[in-house]
Amino acid sequence: MRGKIAFFTGSTFSVPAIQSLIQLNKLACVVLVEPQGNPDLIQLTALLEQSNVPMVQYSSFDEFKVIAELDRYQAGIGIVYLFRHKLSERIISFFSGDIFNLHPSELPSYRGPLPLYWQIRHGKTQCVLTLHQLTKDIDSGPVVTSQTVDIHPFDTLQSLSHQVSQAVPAVINTLLIQLQNNAIATTEQSTIENMPSAPFFSEQDLLIDWRTHTSENIVCMARAGNVDFGGARIQLENNLFQLLQATQLKTEYSGINAGTVIEVSMMAGLLIKSIDGAVRLDIIATPYGVFDGYKFATLYNLDAGTSFHQTTQRTL
C-alpha cells in the first residue's frame with residue numbers, strides 16, 4: 001500500500017516534519033496521542049487547527065475507528081515520531097509494511113522512551129536519528145536510513161530535541177525517495193546483548209551519589225534533566241534540591257572526601273569535591289527560588305570543609 005502519510009505524534013517537536021510533508025503534498029493526516037492534559041499536545045493541536053490539518057484522535061480502545069479514519073483520509077504510509085502508545089498489530093497491518101518509526105539513537109542502543117535523556121546523561125557527543133520499519137517489538141525493526149546529529153556540550157534535553165527535530169524532514173525525504181523508486185533498502189539491527197537502554201527512571205535515579213559519580217557524571221545528569229525533570233538531585237539532610245547546571249573542574253584535591261565543600265565565594269561559587277576532582281554547582285532550584293551556587297551556599301550555611309551530607313540547614 002502506497003499513498004500519503006499518516007503522521008503519528010504527540011509533540012510540537014514534530015512540526016518541522018509536518019510542515020515539510022504539507023509542502024510536499026504528502027500528508028494525509030496527523031494521528032494524535034490520547035489527550036491527558038499535556039500542554040505540549042494542546043499547543044500542537046492548536047497549531048494543526050490553525051493550518052487546517054486533518055487530525056485523527058488515537059484510541060487504544062477503539063482501533064477500528066482509528067483504522068476507519070485512516071482509510072477515509074487514504075493514508076497508505078505511516079510514520080511514527082514521539083508517539084507514546086505502542087501500536088497494535090492490527091494498525092501495523094493496515095499499512096502492509098509501509099509504517100516506520102523515527103527513534104533518536106543508533107539502534108539497538110538506547111531502545112526505550114527516553115533515548116536523548118540517557119545519551120546526554122552518558123556524555124555522548126553524537127546521536128543518530130534512525131528510521132526503521134515499525135514492528136510489534138518496540139524499536140526493533142529493520143533500519144531504513146539514519147542521520148547523525150551532534151550533541152553540544154551545553155545541550156539540554158529540550159535543545160537537543162529541537163536539533164533532532166530539524167533533521168527529521170531530511171530523513172523522511174530519503175524514505176520518500178526510496179518508496180517512489182520501489183527501492184527500500186533495510187538493514188537488520190545488531191543482536192549484540194547488553195546495549196545501553198533508555199527506560200523511564202525513578203526519583204532515586206536522579207540523586208547524585210558523591211561516592212560514585214564523577215564530575216562529568218554530575219554535569220551530564222544536571223543538563224540531561226534540565227528542565228524537563230528538574231535536573232539532578234542534591235541532598236541536604238532530608239531535603240532534596242534540583243541541580244540544573246554544574247561545571248566540571250579539572251583541579252586535583254587530595255586528602256578530601258567526595259561530597260565535601262571545597263570553597264564558597266562570590267568569585268569561585270560553590271565548589272564540591274568529587275571522586276575524580278571537583279564540580280561547581282552553578283544553578284540550583286529550591287522551594288524558595290532559583291539561586292547560583294554562592295547564594296545557595298550562603299542561604300543554607302554551607303562552609304568550606306564541611307560535608308555536603310551533614311550541613312546545618314538554615315530555616316527560611
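Okay, let's start with a helix pair: H1 passes H6 in a right-handed crossing. Before I go on, bear in mind that this is a predicted model.

So who are the two partners? H1 covers residues 15-23, and H6 runs over residues 157-180. Their axes sit 7 Å apart, and the packing angle comes out at about 40°. Angles under 35 degrees would count as roughly parallel, and roughly perpendicular takes 65 to 115, so H1 and H6 end up oblique to each other.

Now, which residues meet there? On the H1 side you've got Pro16, Ala17, Ser20 and Leu21. Across from them, H6 brings Ser165, Gln166, Val168, Pro169, Ile172 and Leu176. If you sort the residues of that contact by character, seven are nonpolar, three are polar, and none is charged.

Okay, zooming out to the chain. How many helices and strands are there in the chain? We have eight helices and 13 strands. The C-alpha trace spans about 70 × 40 × 30 Å when you lay it along its principal axes.

A few totals for the chain, then. There are 316 residues, and 51% of them are buried. The accessible surface adds up to about 15600 Å², with carbon and sulfur atoms holding 49% of that.

And for the contact-map people: take the contacts in the chain with a separation of 6 or more, and 64% of them are between residues 24 or more positions apart. The H1 and H6 contact, with Leu21 and Ile172 among its residues, is the one to pull up on screen.

That's me done, thanks.

Definitions and conventions: Residues are numbered from 1 along each chain as its sequence is written. This is a predicted model: local features need pLDDT of at least 70, side-chain atom pairs count only at pLDDT 80 or more; totals for chains, interfaces and linings use all residues. Side-chain values use heavy atoms; hydrogens and water are left out. Axes are lines fitted to C-alpha atoms, for helices over the stretch in contact, and angles run from 0 to 180 degrees between N-to-C directions. Helices (H or I, at least four residues) and strands (E, at least two) are DSSP runs, numbered from the N terminus. Angles under 35 degrees count as roughly parallel, over 145 as roughly antiparallel, 65 to 115 as roughly perpendicular and the rest as oblique. A crossing is left-handed if the near helix is turned anticlockwise from the far one by less than a right angle, and right-handed if clockwise. Contact means heavy atoms within 4.5 Å. Ala, Val, Leu, Ile, Met, Phe, Trp, Tyr, Cys and Pro count as nonpolar, Asp, Glu, Lys and Arg as charged, and the others, Gly among them, as polar. Buried means under 20% relative accessible area, exposed over 50%, partly exposed in between (1.4 Å probe, protein chains only). Accessible areas come from the Shrake-Rupley method with a 1.4 Å probe; for residues, only the protein chains shown count as cover.
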